[in-house]
Amino acid sequence: MTIFSRIIAGEIPCYKVAENDKFFAFLDINPVNWGHTLVVPKKEEDYIFDIADEDLAEMMVFAKKVAKGIKKALPCRKVGVTVLGLEVPHAHIHLVPLQKEGDMDFKSKIDNPDAEKMKEIAEAIASNIE
Ligand code: 5GP
């Protein structure tokens, strides 16, 4: 079981943003920018491009809804989309609100993000998802 499956199962706490029957979205614990959100499939798959075509398309549509919620909650120029997957072997899409390119620099993360601020951001995004 991956750490993300344990989060989805509620065994490990997270700042949840959205969920449906197939996908789950929550704040990255070490955000590159405030509002940095991860979108993951509930079905474990390591590499995103091993996901079946229809499921991958659905995942991107789910990510789109979450991104629109991020943009409303945290006004930004655009919500950037990245896939890395080098650390956690459970496919995920990174969504990051951007004002400038440097807002998605994975070499500079926010250390020990304030828990209350993370909670408020997750709630704000969740309440702006249609
Ligand atoms: P990647 O696999 O895309 O290289 O990086 C995994 C991402 O997941 C990192 O940005 C990291 O901060 C995040 N991450 C790793 N473990 C946890 C966790 O337990 N909870 C949350 N919310 N994020 C995590």
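Are Phe-24 and Phe-26 buried or exposed? Select both in the viewer, keeping in mind that this is a predicted model. Phe-24 is buried, and Phe-26 is buried too.

Keep these two residues on screen and show their rings. A pair of aromatic rings is described by the distance of the centres and the angle of the planes. For Phe-24 and Phe-26, the centres are 5.9 Å apart and the planes make an angle of 55°, so the pair counts as tilted, the range for that being neither under 30 degrees nor over 60. Now add Phe-4: ring pairs join Phe-4, Phe-24 and Phe-26 into a cluster. In total the structure has 4 aromatic pairs.

Next, select Val-17, Val-39, Val-66 and Leu-95. These have the most contacts inside the largest nonpolar core, which has 24 residues. To see where the core comes from, colour strand 1 (16–19), strand 2 (23–27), helix 2 (53–73), strand 5 (93–98) and helix 3 (115–127); each gives at least two residues to this core. Helix 2 provides the largest share, 7 residues. A second core, separate from this one, has 8 residues, among them Phe-4, Phe-24, Leu-38 and Val-40.

Go back to Val-17 and show what surrounds it. Beyond its neighbours within four places in sequence, Val-17 is in contact with residues including Phe-26, Val-66, Ala-122 and Ile-129. Ala-25, Leu-27 and Thr-37 are also among its contacts.

Last, select Trp-34 and Lys-117. The charged end of Lys-117 sits over the Trp-34 ring, 4.1 Å from the ring's centre.

Methods: Residues are numbered from 1 along each chain as its sequence is written. This is a predicted model: local features need pLDDT of at least 70, side-chain atom pairs count only at pLDDT 80 or more; totals for chains, interfaces and linings use all residues. Side-chain values use heavy atoms; hydrogens and water are left out. A nonpolar core is a set of buried Ala, Val, Leu, Ile, Met, Phe, Trp, Tyr and Cys residues joined through side-chain atoms within 4.5 Å. Buried means under 20% relative accessible area, exposed over 50%, partly exposed in between (1.4 Å probe, protein chains only). Helices (H or I, at least four residues) and strands (E, at least two) are DSSP runs, numbered from the N terminus. Contact means heavy atoms within 4.5 Å. Rings of Phe, Tyr and Trp (its six-membered ring) pair if their centres lie within 6.5 Å; planes under 30 degrees apart count as stacked, over 60 as edge-to-face and the rest as tilted. A charge sits over a ring if NZ of Lys or CZ of Arg is within 6 Å of the ring centre and within 35 degrees of the ring normal.
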